Amino acid sequence: MLPTTAASSPNSNEPPPPNPLLTAYEGWVQRTPLVTRYILSLQAFSYLTSWFLNFDFALATTPYYVVFRFEFYRLILSPLINTSIVSCIFGFLSFSDNGRRLEQSMGSTAFGWLCCTIGLTTNLGFVLVSFLLAFVRGYDESFLFVSSTGLWNIIFGIIAMECVQAPRHTQRAFLLFVVPAVYFPLVLYFFFSLFNGSFSLDYLISMGVGYASGFGSLDKLIKLSPAKAKQWEDTVLSNYARREGWIAGHAAVGSGAWHDDAPSAGFAMSMFGGRGGSGGSTPGSGNNGDDTIRAGSVFRPGPSKASAGPTGTASEPTFPSSSGRTLGGGGGGGAVSTSRRTGGSTTSGGNTAAETRAARLQALEQRQAQQAQSNNNPE
């Protein structure tokens, strides 16, 4: 008789251990909303394919090709191009968790519109300033062939916007220093300039766009109305609105996206502001009934319905005006909304749905007992 081997033991039928890389990726997909996931996936795909194909030459915002070759698509697609491993790593560390929170607070449609408008406005400003510098220097064409690419053209604008809307005395930790929140984007910009060995004109313009947006100068361009967002979700974006991870406008949780205790990317949070700072946060708008989603969860769309205020009109979404756990860092305190999802029931002011159901059942049993007693004791 042949000796018994480990392969013939009962344990050989057990499934193999899970792949840790696959498990980590599936977890990232589950907790990351659709738009944020698509942007970061395109960044990784662009970097990997840059070993074989140069998308930078074909899609980067180069003023000469935009104006004289009418290649306007570069203005929109260039933020999605990445050919640097350093930029890719910093982009994931800075945008993965905080982009998720921002998308949950605004909804996928409004968040996608915010990223597109900041990137487009930054690139338009880059082209305009490049031509202005070329004419000032006696039509020096070298300025017309400088390219602008990368996700940081959007991230810098979002950081500046959030820092401007933070409370007045909020401070942000940067490495070993603490700076006022309103000056934090400038400090971050100079750090990147020293790290790269040169000043990036596109980053500077993106930061200017963020400051202008934070002060309300670009509200009509940057902010998308709830009615328009719902219209797009029902028409041109209906295919994406049915996919897993899409956050509909009525399901956005507002500033509540920053109220959960889920850990962020440690390096990014410690480097770009940490969780320090002062200032409060205002609970955001959003559904407070049974349709409320917990901050940090991914909304899986069901039947679409509008979010209406007391007068029947859709409530206006707001950019989180807090010290924020956003791309600029800085953790804010503040009151958490009193309506949240706990387990399978909804709590509101301490009364759970289970307690309400139990009270109704008890009242029904008492009524049935009284009816039975009256039937047994007729007058």
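## A walk from one buried arginine outwards

R74 is buried, with just 3% relative accessible area. Keep in mind that what you're looking at is a predicted model. The side chain of R74 meets that of E71 in a salt bridge, with N and O 2.5 Å apart. What about E71: buried or exposed? Its relative accessible area is 16%, and since the cut-off for buried is under 20%, E71 counts as buried too.

That pair is one of three salt bridges in the structure. Another brings together the side chains of E162 and R172, at 3.3 Å from N to O. Here the partners come from distant parts of the chain: E162 sits in helix α8 and R172 in strand β1 (residues 171–174), ten residues apart. Both E162 and R172 are buried.

The remaining bridge to look at is in helix α12 (residues 226–234), where D234 and K230 lie four residues apart, about one turn of the helix. Their closest N and O atoms are 2.8 Å apart. How covered are these two? Partly exposed means between 20% and 50% relative accessible area, so D234, at 39%, is partly exposed, and K230, at 26%, gets that label as well.

Now step back to the whole chain. You'll find 15 helices and six strands, and 41% of the 379 residues count as buried. In soluble globular proteins, nonpolar side chains tend to be buried together. In this model, the largest nonpolar core has 38 residues, and F95, L114, W152 and L188 have the most contacts inside it. Helices giving two or more residues to this core include α1 (20–31), α2 (34–49), α6 (85–106) and α7 (108–136). Which element gives the most? That's α8, with ten residues. Apart from this core lies another one, of six residues, with L75, V127, A134 and L144 among them.

The contacts tell you about reach along the sequence: of those between residues at least 6 apart, 76% join residues at least 24 apart. On the outside, the accessible surface comes to about 20400 Å², and carbon and sulfur atoms account for 62% of that.

So where should you trust the model? The mean pLDDT is 74, with 70% of residues reaching 70 or more. Confidence is highest in helix α4 (residues 63–68), at a mean of 95, and lowest in helix α14 (residues 266–271), at 37. Residues 261–315 have pLDDT below 50, though this stretch has 144 contacts beyond near neighbours in sequence. Residues 321–351 are also below 50, with 103 such contacts.

Methods. Residues are numbered from 1 along each chain as its sequence is written. This is a predicted model: local features need pLDDT of at least 70, side-chain atom pairs count only at pLDDT 80 or more; totals for chains, interfaces and linings use all residues. Side-chain values use heavy atoms; hydrogens and water are left out. Buried means under 20% relative accessible area, exposed over 50%, partly exposed in between (1.4 Å probe, protein chains only). Contact means heavy atoms within 4.5 Å. Accessible areas come from the Shrake-Rupley method with a 1.4 Å probe; for residues, only the protein chains shown count as cover. A nonpolar core is a set of buried Ala, Val, Leu, Ile, Met, Phe, Trp, Tyr and Cys residues joined through side-chain atoms within 4.5 Å. pLDDT is the predictor's confidence in each residue, from 0 to 100. A salt bridge is a side-chain nitrogen of Lys or Arg within 4 Å of a carboxyl oxygen of Asp or Glu.
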